[in-house]
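Reader: Got a minute to walk me through this one? I'd like to go over the packing, the cysteines and the strands.

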Amino acid sequence: MDLIPAPIAQRFPDRPGLPLGPATTLAGGPGTEEAERWLRSALGAATGLALPPAAEPVLALALDAALAPEEYRLTVEADGARITAGGPAGAHWGAQTLRQLLGPEAYRRAAVRRTGWRLPACEIADAPRFGWRGLLLDVARHFLPFGELLRYVDLLAVHKLNVLHLHLTDDQGWRFEVKRFPRLTEVGSWRTHSMVGFRAGQRWDDRPHGGHYTQDQLRELVAYAAERGITVLPEIDLPGHTQAAIAAYPELGNTDVVDTTSLGVGTDWGVCPNVLNVSDATLAFFEGVLEEVLEVFPSEYVHLGGDECPKDQWRASPAAQARIKELGLADEDELQSWVIRHFDRWLADRGRRLIGWDEILEGGLAPGAAVASWRGYAGGVAAARAGHPVVICPEQHVYLDRRQADGSDEPIPISHVRTLADVYRFEPVPASLDEVSARQVIGTQACFWSEFADDAREFDYRIFPRLAAFAEVAWSPLPRDGADRDLAGFERRMRTHYARLDALDVAYRPPAGPHPWQRRPGVVGRPAEGPPPEA
């Protein structure tokens, strides 16, 4: 069967499978209630079957403490199917695999046929390679409506990814409702216009753009994701990438250097020079923001960015220089590290952990912090050797905003080419790490930055089908003999998976190239270039 991601072990014996019909029942034991509810809803919609509970169900789910939390076993015989898992998440992954076995029509929202449903006889044993298997969605540069976030949770679950990283704030927009600071969304969530294409084109549209998520919406998202084994990771970027916040509350900026009262929400792409000041009042402001973040998001980690923080304003600011002298710091890099350590301690005091981009290594790594290594492998290697948890997400390999092919018909052709095959060949664990340090790699993550994607179909086009390749890298084990992953076999399985994506109404990039509606002729992108050097 064409399962994606590929399980650890699968066997499909040549014997009768399990037909599904009006008499098919479904029930689960303690700890599997959410997986049972999801499976009944998903399969019931697609097949038209009620799948009522029963004392001895045809489709059964149960937990087994001998298995790891995300591990599962799926057995299908002629008289029934059984999913046994180590925890609620494992039960859900087993249910996702069962759905794949029914074919692409099992992904429809309503029944197009009510007969002929059959599970093949099989024995599947499966567990993930990494505990952190994520996708970042940048909803700050271009806002994604709330319903689309729920859809992406379902798409992550289909691919057995378990972290949805929401980039909620940036220079170009603030998307998280903060009740004590309402101007963050009243002002900071809307910009007057947006740059079109890469900066070299110097073109802008004339449309205001914005939106934000209420706290109740995000609580709903967190609950919806948790039912599917997924953690929602919030990112509140600081001390850089904060122009939208400064536009809403000018006192947060370096007012002794620039007139922050004249700043608006960012309209250009790239790194803006306006960053937070380092006063006690500004630290307290963001402590207040984070108090509300913690009330909404129960995740162990909170992402605080820490990347691409220009230091020019701090160098020119008497207040920042006085702060450096007061704290006995060497320079502005250490000042940024001091800000990150402040919030690392603040989160730790509340039972949470900080994760940031690999720039938080500059000036000294905050104790207890985890690193998302995006500029290559080097930051992850350094952090892992120092004993810090690491999520590997190098832009050279898994930034899905990068174009998927050469050619002028690719919409907004940004940067180097990263094909489906390139993503499939990605290896998250740096070869330079020894066995002990490699254990610090807790997972991997694909990232999608949305400067050049202004609606959900644009998101889909760039993210898929490459996310399917990434999901297999994150979930499935490496070949035991040290060989490369079987790209030809994956591409063969993708032929079935494209039909699943069609049923899910995903506007992926077709293997043969973009549809006419997916092309953006005349929009200036970054000039073609080779892949960037490994960091």
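**Cysteines, helices and strands**

Author: Sure. Cys393 is buried, its relative accessible area being 0%. Keep in mind that this is a predicted model.

Reader: Is Cys447 buried or exposed?

Author: Cys447 is buried too, with a relative accessible area of 0%.

Reader: And how many disulfides does a search of the whole structure find?

Author: Zero disulfides turn up in the whole structure. Cys393 is in none, and its nearest cysteine sulfur is that of Cys447, 4.5 Å away. Cys447 is likewise in no disulfide, with the sulfur of Cys393 as its nearest at 4.5 Å.

Reader: Why doesn't that pair count?

Author: The sulfurs of Cys393 and Cys447 are 4.5 Å apart, and a disulfide needs them within 2.5 Å, so the pair is not counted.

Reader: OK, switching to helices. At what angle do helix 5 and helix 7 pack?

Author: About 40 degrees, with the axes 9 Å apart; helix 5 covers residues 215-226 and helix 7 covers 280-296. That angle is why helix 5 is called oblique to helix 7.

Reader: Which residues meet there?

Author: From helix 5 you have Gln215, Leu218, Arg219 and Val222, and they meet Glu292, Glu295 and Val296 of helix 7. By class, this contact has three nonpolar, one polar and three charged residues.

Reader: What about helix 11, which residues are buried?

Author: Helix 11 spans residues 378-385, and Gly379, Gly380, Val381, Ala383 and Ala384 in it are buried.

Reader: What covers them?

Author: The cover includes strand 18 (370-373), strand 19 (390-392) and helix 14 (435-438). After helix 11 comes Gly387, with a positive phi near 90 degrees.

Reader: Now strand 16. How many of its residues are buried?

Author: Five of five, over residues 301-305, so to speak a mostly covered strand. Tyr301, His303 and Gly305 point one way, while Val302 and Leu304 point the other way.

Reader: Why do they split like that?

Author: Side chains in a regular strand alternate between the two faces of the sheet.

Reader: Which strands does strand 16 pair with?

Author: Strand 15 (residues 231-238) runs parallel to strand 16 and is joined to it by two bridges. There, Leu238 has Gly305 of strand 16 as its bridge partner. Strand 17 (residues 353-357) also pairs with strand 16 in the parallel sense, over three bridges. In that pairing, Tyr301 is bridged to Arg353 of strand 17.

Note on methods:
Residues numbered from 1 in each chain as written. Predicted model: local features only at pLDDT ≥ 70, side-chain atom pairs only at ≥ 80, totals over all residues. Heavy atoms only, no water. Axes fitted to C-alpha atoms, helices over the stretch in contact; angles between N-to-C directions. Helix = DSSP H or I, 4+ residues; strand = E, 2+ residues; numbered from the N terminus. Parallel < 35°, antiparallel > 145°, perpendicular 65-115°, else oblique. Contact = heavy atoms within 4.5 Å. Nonpolar A, V, L, I, M, F, W, Y, C, P; charged D, E, K, R; others polar. Buried < 20%, exposed > 50% of the residue type's maximum accessible area, 1.4 Å probe, protein only. Pairing = 2+ DSSP bridges.
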